[in-house]
Amino acid sequence: MRAFVAEKGESEVQRGLRDLDAGELGEGDVLVRVEYSSVNYKDALATSAKGGAAKISPLVPGIDLAGTVEEAPEGASVSPGDSVLAHGYDLGVAHHGGYAESARVPGEWIVALPEGLSAREAMTIGTAGYTAARSVIALQNHGLEAGDGPVLVTGASGGLGSMAVAMLAATGHHVVASSGKEDEAGWLHALGAAEVIGREEAAGDSSRPLESERWAGAVDCVGGETLAGVLRALRAGAAVAASGNTGGMKVPTTVLPFILRGVSLIGIDSVNTPIEERTRTWQRLATDLRPPALDDLVSREISLDEVDEALEAILAGKLRGRTVVRVSG
Ligand SMILES: NC(=O)c1ccc[n+]([C@@H]2O[C@H](COP(=O)([O-])OP(=O)(O)OC[C@H]3O[C@@H](n4cnc5c(N)ncnc54)[C@H](OP(=O)(O)O)[C@@H]3O)[C@@H](O)[C@H]2O)c1
């Protein structure tokens with residue numbers, strides 16, 4: 001089968017297409033014919049020397065996949081012919097992932113494709129959309145309701161950010177999208193953003209410990225100075241759901257937003273969610289949290305031959321929205 005493989009060398013990672021035997025797919029009791037995967041920032045981290053996310057070498061990257069079950073043991077929760085998806089856990093970092101025509105996956109990582117979602121739509125959502133949904137659900141559980149005021153989304157033109165913009169807007173929030181890409185303002189408005197601001201405005205004034213109370217809630221996938229700025233400008237009692245680090249790992253904050261305004265920093269981890277909760281979140285992604293115009297979130301559909309270039313582009317912060325990978329079918 002055709003596969004895109006990343007292999008660590010002395011100082012760099014060699015990436016390219018290879019033929020793999022079924023015996024090289026690794027452990028797992030369910031064999032899936034992969035129809036679609038997608039390109040996420042973490043895929044670039046797993047396939048670049050500096051990223052360091054890969055735990056095995058050689059590795060078939062691809063942290064998410066959707067397709068059809070070809071083999072499953074008797075008594076498993078899925079059967080041959082079922083449409084399924086998988087992401088998180090070790091997929092695409094310590095276990096071969098979605099960038100190959102077949103994947104062998106432990107049955108306990110598998111989610112049956114919810115009714116109403118095709119494999120392509122599931123990978124349009126992918127890990128980015130799933131993480132956006134977990135962020136939105138976390139803010140809702142914290143008490144955020146439509147009509148509460150402006151909700152900031154940082155890194156808004158990226159995969160996770162654009163999904164969060166679309167979901168929050170569709171659930172009635174006044175969404176403020178922060179983006180470093182001025183020319184994507186029109187697209188972000190079309191996804192539902194009420195306002196589009198620059199990255200500098202979202203990061204605010206780092207010389208001050210607190211700024212005017214502005215955000216009723218926030219979804220942050222950038223981290224670094226941006227997350228520190230979001231914390232300084234959250235309204236009293238509000239929360240930010242933080243999931244990413246494209247803007248840096250260190251968050252230079254003081255304790256004042258926490259102890260004077262009672263704000264909350266909620267960490268979002270899409271990798272280790274228990275499978276029952278993951279399945280419930282996908283049910284919501286197929287219903288009330290489904291972005292209304294899913295196709296508008298896809299900027300490119302690519303083949304395995306084009307994955308290498310897309311990984312470079314996402315690492316450089318140059319991709320817009322979601323890039324889906326048509327693997328077979
Ligand atoms: N916690 C989890 O389980 C989880 C799951 C999925 C993703 N993530 C993380 O979430 C982040 C986003 O992932 P993604 O796949 O959506 O990536 P993406 O498509 O590349 O989106 C990231 C966005 O961040 C902004 N950005 C890039 N470089 C920046 C910089 N130097 N300073 C400030 N902003 C910058 C850009 O948006 P603008 O140009 O619009 O500003 C970019 O589009 C990544 O850090 C990823 O690892 C975490």
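The following exchange concerns a predicted model of a protein with a ligand.

Colleague: What makes a feature count in this model?

Modeller: In this predicted model, local features need pLDDT of at least 70 and side-chain atom pairs count only at pLDDT 80 or more, while totals for chains, interfaces and linings use all residues. Residues are numbered from 1 along each chain as its sequence is written, and side-chain values use heavy atoms, with hydrogens and water left out.

Colleague: Which residues come nearest to the ligand?

Modeller: A residue is near a molecule if one of its heavy atoms lies within 4 Å of it. There are 25 residues around the ligand, and Ser157, Leu160, Ser179, Ile268 and Ser270 come nearest. This shell divides into 7 nonpolar, 15 polar and 3 charged residues, where Ala, Val, Leu, Ile, Met, Phe, Trp, Tyr, Cys and Pro count as nonpolar, Asp, Glu, Lys and Arg as charged, and the others, Gly among them, as polar.

Colleague: What makes the pair between Ser179 and the ligand a polar contact?

Modeller: A polar contact is a pair of N or O atoms within 3.5 Å. An N or O atom in the side chain of Ser179 is 2.6 Å from a ligand oxygen atom, so the pair meets that definition. Backbone N or O atoms also approach ligand oxygen atoms, at 2.8 Å for Gly159 and at 2.7 Å for Ser270. On its own the ligand has 920 Å² of accessible area, of which the protein covers 87%; such areas come from the Shrake-Rupley method with a 1.4 Å probe.

Colleague: Why is the pair of Glu301 and Arg120 called a salt bridge?

Modeller: The term requires a side-chain nitrogen of Lys or Arg within 4 Å of a carboxyl oxygen of Asp or Glu. For Glu301 and Arg120 the closest N and O atoms are 2.6 Å apart, so the pair qualifies. Glu301 lies in strand S14 (residues 298-303) and Arg120 in helix H2, so parts that are 181 residues apart in sequence are tied together. Helices (H or I, at least four residues) and strands (E, at least two) are DSSP runs, numbered from the N terminus. By the salt-bridge rule the count comes to 18.

Colleague: What sets Pro58 and Tyr89 apart in the backbone?

Modeller: Most residues other than glycine have a negative phi, and most peptide bonds are trans. A cis peptide bond, with omega of about -5°, joins Ser57 and Pro58. Tyr89, although not a glycine, has a positive phi of about 50°.

How values were computed. A polar contact is a pair of N or O atoms within 3.5 Å; within protein, one must be able to donate a hydrogen and the other to accept it, and residues adjacent in sequence count only if both atoms are side-chain atoms.
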